[in-house]
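Trainee: I'm new to this one. Can you walk me through it?
Mentor: Sure, have a look at it, then ask away.
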Amino acid sequence: MNNELEDVGLLDTASEVEGLTEQVKTPVQQSLFQVIWRRLRKDKLALLGAFWLIFVILVSLLAPILAPHDPLEINLRLRLLPIGTPGHFLGTDDLGRDILSRLIWGGRISLLVGFSAVLFAMTAGTLIGLLTGFYGGWLDTIIMRLIDILMAFPAILLALAIVAALGPGLEHAMLAVAIVGIPYYTRIVRGSVLALRELEYILAAHALGSDKWHIIATHLFPNSLPPLIIAATLDVGWMIMFAAGLSFLGLGAQPPAAEWGIMLSEGHKFIRLAPHASIVPGLAIFLVVLSLNFLGDGLRDALDPHLRR
Amino acid sequence: MKLRNWSWLAILVMLGLVVAACSSTAASEGGSTIVVGLQAEPVTLDAQQMSDYNSTRAGRNIFDALLHFKDESTDVEPALAESWDISPDGRVYTFHLRQGVKFHDGTDFNADAVVFSYERQIDPNHPYHDTGEFAYADFTFSMVDKIEKVDDFTVRISLKEPFAPFLANMAMHSATIVSPTAVEKYGRDFSKNPVGTGPFKFVSWTPGVEIVLEKNPDYWGGAPSVDKVIYRPIIDDQARLNELEAGSVDFIVNIPPDDLARLKADTRFTTVEQPGMHTWYVVFNCQKAPFDDVRVRQAVNYAIDRQAIIEGILQNTGTLANSPLPPVLWSYTFDVQSYEFNQEKAKQLLAEAGYPDGLSINFWVPTSGSGMQQPVAMGQAIQADLKKVGVDAKIETFEWGTYLDKTIVEDAQTLPEIFQMSWVGDNGDPDNFLYILLSGDQYPPNGFNLGHCKDDAVDKILREARTTLDQAKRTELYVQAQKMLVEDAFWVPIDHETQIVVMKNSIKNFKLHPTGDFRFRDVLVEP
């Protein structure tokens, strides 16, 4: 009956064994993902989120095939057409561009921004977290105070300052969003490492003469992954919203790019005449973020060793 | 979080109180008040330092100048000067001042105040010169040799050479008269505590919230009928419109073109329109390839479908621009080379200039700004047109304040190849368009020739025109200058915006002024 707990418990035991024998790495990883999958598939909302995400990713990848029009093609004689106009299923925006095509292409940018910003922030944050957590001492003190300073800034203010310094543009907005995200991951990873590094199997690894990098790479990093995965999944949605917000303020992707934040920003000027011009991209952002949250919640439950269902 | 029933009740009561509190500050409080929704926060209330619409619209009512532009025109009439004499050679102007006028702080208006107001701007050694930045001082007073007090109510101004627009300049915001006592008292903070002789007195300025003016019951020209004018910065066009329709503001600017038809049909509101002394244009950077070549500049002029922009994005709230000069100004001519929409011709010119395969350029666009209409949408339409002739323009957007800092620069190498700008005339003289914007003498920081473009032959004509006093001769010179400038194609002039404001129909007798100032002295509010 305590199968699930044991499965997770297996992780630690296995790692200890692994620490001793320096073997049996793959089965442990597999069983972790098997556990996740077995639990996740019971969570309808998480599955729904996952399917929606896969759908959006596929549509974005197939944009050149699926989009009925060039997303940048302007026709000032076909402005603000309503939803359902023949040839323009979701209508047109204030410059006569096809909203459906812009939506499809825009998914590429928004997802790219979300995932790559998270990847960047996570990589940087994880590295810093592993090092500071493992070495401690003055390195930890200095770096963590810097991280505290970063965290003390309101995220939007920090991102605005970064974009102001670098100039507006999609790449700079991505970088800004990513930098803002670093402290979050550093904190999570450092926390895990601090807890892990005093455990017996790590001490044993030390005693057996494993070098520090080996311990970090094979023991500390894999074992701090579960909270990271949850955080990253939830964070992608946050990053997408944040980047769209920067675009909305004119600091992210630049016109005429088909990007959801820009579409929202330009569409809101015509909210009375053509509400669909802002509602459609707004809904797209909302649904993607929502499904990421569902998925993130599902993963958290699936990875939580204390949660029984 | 769970709230018991009574908590909900408490919240409802609190919400009710908030709503009640808000509505008590709304437009319809006692006395007659007009609440104006401005596009942005005014920068300064010191009229001598103003260089933007929001400031002049809010603050110009506090001050008078020696002369005054007549209603709906840029002809001058007496204001703080009752009369004036001009020497036969056109170099010496003697102004006879109005007597018995008092500043809002109770001090007397006299010749000393006039000398103080002008010297403060132009004399770097004046003790109060550092109480402000006077962007228009050079334009307004550069021809002035000396300013003398003859007696308490006579001032004599001598010019270096005859200068035709001088009287018009004396009615500009930069030539307004400030209270010397107040400048001495407040120093740099005078811009937040303005004291003049105008029909309205300054009451308070809460940054980001509102500026309150009240009527000056002792105004020399007769007290206004309106008791109070409140200016509120509401940056988002849709939000401003919503406030008008909800009744929390009475009067708004910058109506989104697509919403105008609906507002005109709404019987609650009155729309006032007037052809603007305005030009919206794309500036070429003449100091950099490829736009140092006139053929490339002309090609871009042919490539843009300006009519489609005006009919589509602007919904005909502007008229097609053929020349840098708006048609409402004297000396405007239709007889210039026309750049009809012709992309074949554009491609041909590009090929001749050595760009048969097109080229890539940067294009700066502000996200909003006074007089900029719909900059981002217009920028994208221009970009799409250029792409069709092989010119790949990369748009970069900036917030308006940053945009001005980056485009009004001495070093043209920091500028992109093309960028947007607009201009609203200050004094109704063609000099205030052609010379200040297109003469080789007026590169920043002297003037506003932002693209650093220069045609020596045109410069000679423009210099002659401003020092000639004969109006017929001046007209002839400006017509000639326009023809040459259109051929030089230093800009792509796109449109001349129609000034449009919408107000509650209880506001009567409001007239727009070509300078864009809002005059509330003769306005009535019906109960």
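Mentor: We'll go through a pocket, a cavity, a surface patch and some backbone details. Keep in mind that this is a predicted model.

Trainee: Pockets, then. How much space lies in the second largest pocket?
Mentor: About 530 Å³. The pocket has 27 lining residues. Closest to its centre are Leu72(A), Pro255(A), Pro256(A), Ala257(A) and Gln383(B).

Trainee: Which elements give two or more residues to that lining?
Mentor: From chain A, helix 8 (170–196). From chain B, helix 12 (375–388) and strand 16 (391–398).

Trainee: And which gives the most?
Mentor: Strand 16 of chain B, with 6 residues.

Trainee: How does that lining split by class?
Mentor: There are 13 nonpolar, 5 polar and 9 charged residues.

Trainee: Back to Pro255(A) and Pro256(A). What kind of peptide bond joins them?
Mentor: A cis one, with omega at about 5°. Pro256(A) sits in the loop between helix 11 (225–248) and helix 12 (260–267) of chain A.

Trainee: What about the bond from Pro444(B) to Pro445(B), cis or trans?
Mentor: Cis, and omega is near 10°. Pro445(B) is also in a loop. That loop runs between helix 14 (431–438) and helix 15 (456–467) of chain B.

Trainee: New topic: enclosed space. How many cavities of 30 Å³ or more are there?
Mentor: The count is 6. The largest cavity holds about 250 Å³ of space. Its lining has 20 residues. Asn254(B), Ile255(B), Glu497(B), Thr498(B) and Ile500(B) are the closest to the centre.

Trainee: Which elements give two or more residues there?
Mentor: Helix 2 (53–59), helix 8 (257–265) and strand 18 (491–504), in chain B. Strand 18 of chain B has the largest share, with 5 residues.

Trainee: And how do the residues of the lining of the largest cavity divide?
Mentor: Into 10 nonpolar, 8 polar and 2 charged.

Trainee: How does anyone spot empty space like that?
Mentor: You roll a probe the size of a water molecule over the atoms, and that shows where empty space is left.

Trainee: On to the surface. Which residues form the nonpolar patch?
Mentor: Phe51(A), Ile54(A), Ile57(A), Leu58(A), Leu61(A), Leu62(A), Ile65(A), Leu66(A) and Phe115(A). Together they have about 870 Å² of accessible area.

Trainee: Where do they come from? I mean the elements that give two or more residues.
Mentor: Helix 3 (44–61) and helix 4 (63–66) of chain A. Helix 3 of chain A gives the largest share, 5 residues.

Trainee: Pick out Leu66(A) for me. Where does it lie?
Mentor: In helix 4 of chain A. Leu66(A) counts as partly exposed because its relative accessibility is 41%, and partly exposed covers values between 20% and 50%.

Trainee: Last topic, phi. What is phi at Leu80(A)?
Mentor: About 50°. That is positive, although Leu80(A) is not a glycine. The residue is in the loop between helix 4 and helix 5 (99–135) of chain A.

Trainee: Is Leu80(A) buried or exposed?
Mentor: Buried, because its relative accessibility is 16%, and the limit for buried is under 20%.

Trainee: And what about phi of Gln315(B)?
Mentor: Phi is near 50°, a positive value in a residue other than glycine. Gln315(B) lies in the loop between helix 10 (306–311) and strand 14 (318–320) of chain B. Its relative accessible area is 35%, so Gln315(B) is partly exposed.

Notes:
Residues are numbered from 1 along each chain as its sequence is written. Chains are lettered from A and ligands numbered from 1 in the order in which they are written. This is a predicted model: local features need pLDDT of at least 70, side-chain atom pairs count only at pLDDT 80 or more; totals for chains, interfaces and linings use all residues. Side-chain values use heavy atoms; hydrogens and water are left out. On a 1 Å grid over the protein atoms alone, a cavity is a set of points where a 1.4 Å probe fits but cannot get out, and a pocket is an open set with protein on both sides within 12 Å along at least five of seven lines; lining residues have an atom within 4 Å of a point. Grid points are joined across faces, edges and corners, and a volume is the space filled by probe spheres set on the points. Helices (H or I, at least four residues) and strands (E, at least two) are DSSP runs, numbered from the N terminus. Ala, Val, Leu, Ile, Met, Phe, Trp, Tyr, Cys and Pro count as nonpolar, Asp, Glu, Lys and Arg as charged, and the others, Gly among them, as polar. Patches are made of residues with over 30% relative accessible area and no salt bridge: like charges are joined within 9 Å, nonpolar side chains (Val, Leu, Ile, Met, Phe, Trp, Tyr) within 5 Å. Accessible areas come from the Shrake-Rupley method with a 1.4 Å probe; for residues, only the protein chains shown count as cover. A salt bridge is a side-chain nitrogen of Lys or Arg within 4 Å of a carboxyl oxygen of Asp or Glu. Buried means under 20% relative accessible area, exposed over 50%, partly exposed in between (1.4 Å probe, protein chains only).
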